[in-house]
Structures are given as C-alpha cells and as structure tokens.
Amino acid sequence: MPDSFHPSEVTIEVLRYDPADAGGPRTQSWSVPYTPDMSVLQALQYVKDHLDGSLTFRWSCRMAICGSCGVMVNGVPHLGCRTFVRDFLPGPVRVEALAHFPIERDLVVDAEDFIEKLREIHPWIQPKVARLIEEGPYRQTPEELARYESFSHCINCMLCYAACPQYGLDPKFLGPGLTALAHRYNSDSRDGAKDERMELLHSEEGVWSCTAVGYCSEVCPKQVDPANAVNQNKTASALDWFARFLPGRS
Amino acid sequence: MRPRSNQPVFWLLFGAGGMLSALVGVALVFMTGIAAPLGLEPRAVMSYGDLHAFTRNWAGKAFVFAVISLFAWHGAHRIYHTLHDLGVPTGFAAKLACYGTALLVTIIAAEALLKIGF
Amino acid sequence: MAMRHTYVRSMDGWWRRDPYFLRYMAREATSVFVVTYAMILLAGVIRLSHGEAEFAAWLDGLASPWSVAFHVLLLAVFAYHTWSWFRILPKTMPPVTLGGKRLGAGAITGLGIAAAAIASVGLFALVVALA
C-alpha cells in the first residue's frame, strides 16, 4: 500500500551528456516505480528498459564486486548496485557520473588515466627470490598476511578518486586506490619490487599530493582504507628522504 | 627517474608543530591569553621576572623556541596546501611567502631568545 | 563510430558542496590561528628581550577586552585542532598491536586526547611550581 514511507513512485534525476550535443550536460528526470528493496542501479535499468533506451551507464555483477557501477548519488560517490533508493526518499534521487573524471556519455566516465596509472604501479608480485614450482607454495604467517590483506580487497571501482579533491584539482596525482594497491604489493612478504614502486610514491604526484582529507576511506565500499595506505607511506617516504644520505645506501 | 619531492622536510616540521600544538596549545592559550591577563590561576605565569628567569636557561629557551617556531612551520605548510585547495596558484612565490615567513619567525625568535642571555 | 568529446566538470567551490569537505576546510583553517598565536608569542619574546618596560606594554595589550575575546576564540580553535589532529592521526600510522589485538582508530584518538589532557595538567603544574 503506498504511503509516505513507501511511495508508489520516485523521481530519478540524471545528469545526461551526449558528446554530439554542443550544449553540454543537462538534467533529465523520470518517475520510476518504487519498491523498498530497489537499488539505484535497478532504477537506472528501469529507465533504460522502459522509458529511455539511450540512457548509458556501466554495470555488471550487481553485487558490489566488479566495481563497474560507480556513480554520484546526491553528490556522494556510491556503487549503484549497493545503494538503495529507500535511503534517499522522498527523492528526487540525483545521479551523476563519478566526479573528477571527464564524462564520456551520461554516467560513463573516461577512466583511461586510472588504467594507465594501474599499469605504472606494476600490480603483480615480483618475487624477492625466484622460486621453482617444485619448491611448493609460498608460506605466510597470519601476521604477514595482515600487513597487506585489507589493501588487496580493492575492486578498482574508483569511488575514492571521485571522493578525492586533490585528484580533482590535479589529475597527475597517483590517487588513493592505486597507492593502496601499490602498498598491497610493497607490504607482501613475497614481493621484492618495493624500490621501483616507491620511486612513484616518493614523487610530488605520489603521496605528497595528499592532504589527508580522508574522504576516500569513507566512501570505499570494501573498507580498503586507502587514506591509511597513502599516509603510512608519507611517514615511510619522509624517513627515507633522510635515510638515503646514510652510508651503505645506494 | 621521477624526481623526489622535497615536501618531507616541511611535512615533518608540520607534523612536529601539529603534535606540539595539539598537546599544549589549549593550555598555553589559556595561560597566556586568558588566565594571566584576567588574574586567574595559574597566576603570575607572565610576570617579567619569572618569564625572564625561565628564558635565561637553555630548557626555557628551547621550550619557547620550539613552540614559536614549530607552530609557525605547522601553519606555513598547512596554509600553503590550503591555498592550493582554494585554487590559488602555488608556485615558488607561494612557497616563499609561506615557508619564508616561518623561517623568518624562527630566526627572529632565536635572535630574541639569545639576546635575553643566560 | 561516433566522435568522442569528453566533458570536464569544474572544481570551483568544490569544498562547499559536501559537509565532509567543509569540516576538512575548518580543520585546515585552524592553521591560520596557530601561526597567529605563534606571532603573538614572538612579539612577547621580542618585548621580553627589550626589557621590563616594553614587556609590561605587551602584557597590557593582552589584558585588553579585544585580546581576551580573541584568545577565547583561539582557545576554541586550538581545541578543535587537538580534536581533529588526533582524529586523523590513526590514518597516518601502520597497524599497532597492543596485547595481541590491533589498536583501533578510536582508541588511538582517545589516547591522543588523554595525552593532551595530561600534558596540559603537567604544564599548569610546572607553571605553579615555578612561580
């Protein structure tokens, strides 16, 4: 029964953008049937399936693991599949492409910068010591695992980049998520490529563009805590700035 | 080879100043700016005689120097980054204005404290 | 294939758009007051080095209603600085274990505030002892 707590419909407002349109982005609204369990992604899919097939957005798993459906909902970065319309009643629910990225079309952003930086951090284990298959698997203690585990949960959804004003002001910044990923490998006892990743982190575009706003960790859907990864590395980078002058260092 | 940032030096000074001001800032502001002028306890914290005696020895000098200098370096670093946040171009001029001021405060404080003698 | 033409949104007024950013700016703004207080103390030390008469003039300035009011404002700002400093401190630290369990952010903040309280009491005690 529709009532003030459960309306029968809700208004979805989307910032639309057609690259062929010289006028720039414009807002378009639709009335969508409401159920208490519907996600923002489902609302967008309703629009696309029944009201306007041209609405363009990324999505895949519908279960907060693929990282595809990141959008701004009422100005805050969210995963569309994990964000419920009931939390934004009475509406309208305003949906926009992830902040700090150029808009390709509607809710799709140009993520090329993120992808390029992902390559730069060499996100794979480069073993400290070469190991043969015959030697069996690596062994790690629970403490060794704990040092990097949370940072390995990143799903590359880029919500933290949409939250980070420093990335918005200067896209040369490596950014929260990828610093956390670099830290994941640096902190893994199997990996030996810390020095080459630190070169990136020590630079102005590395950790030193961060001002500890902390919003990245607030919006992360996987509790990766990228703010912690970046700021831990500030201390490491600062100490290394002096330690490099000590004898015995190359 | 990506050039290393030199921010670490200023960041460490910022951190030291931030920690010191977080620990004793409230107490100092209360004592020097409210208690002493209004005659509240702890009284006589700012009498010329006591303060002069305090700053005549190395420990007193070091404390006063640390407070003035580190608070200034803390402010300089944060203000420099806030200018950037507000869209103000932060080139060499901004660095000079911010960090240069902190350096000036540091030098003047040292000079004044040394002038007080031992 | 259609022509690509991406649209870049402006960052103007970014910090006014979200309460989280407003709190961040308030935290950063405390630095203006921290450096102002340093300058006030610097003026005092300079006057101190010039002798009793000049120092007395500086003390008289501090006793003015404007100065006391400003220091009440400074007190509030420094208190917010202490609070916000120890709130962000856990983010800068690697995992710390105490008695086998990882120390949480709330605990670290609490310890920091406690340290500030102890340092403040210590400073008061020192001043009373030396006076």
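## Two domains

Domain bounds here come from an automatic or database domain assignment. In this predicted model, that assignment splits chain A into two parts: domain 1 covers residues 9-109, and domain 2 covers residues 112-243. If you look for the C-alpha centres of the two domains of chain A, you will find them 30 Å apart.

## The chain as a whole

Let's step back and look at the full chain. Chain A has 250 residues, and 41% of them are buried. Its C-alpha trace spans about 70 × 40 × 30 Å along the principal axes.

As you follow the backbone of chain A, you will pass through nine helices and seven strands. Contacts tell you how the chain folds back on itself. Counting the contacts in chain A with a separation of 6 or more, 65% are between residues 24 or more positions apart.

## Where the domains meet

How many residues of domain 1 of chain A are in contact with domain 2 of chain A? There are 13, and they touch 13 residues of domain 2 of chain A. Now zoom in on the side of domain 1 that faces this contact. Two strands of chain A, β3 (70-73) and β4 (76-79), each provide at least two residues of the side of domain 1 that touches domain 2. The largest share of that side, three residues, belongs to β4(A).

What kinds of residues make up this side of domain 1 of chain A? Nine of the residues touching domain 2 of chain A are nonpolar, three are polar and one is charged.

Technical notes:
Residues numbered from 1 in each chain as written. Chains lettered and ligands numbered in written order. Predicted model: local features only at pLDDT ≥ 70, side-chain atom pairs only at ≥ 80, totals over all residues. Helix = DSSP H or I, 4+ residues; strand = E, 2+ residues; numbered from the N terminus. Buried ≥ 20, exposed ≤ 12 C-beta atoms within 10 Å, placed from the backbone. Contact = placed C-beta atoms within 7 Å. Nonpolar A, V, L, I, M, F, W, Y, C, P; charged D, E, K, R; others polar.
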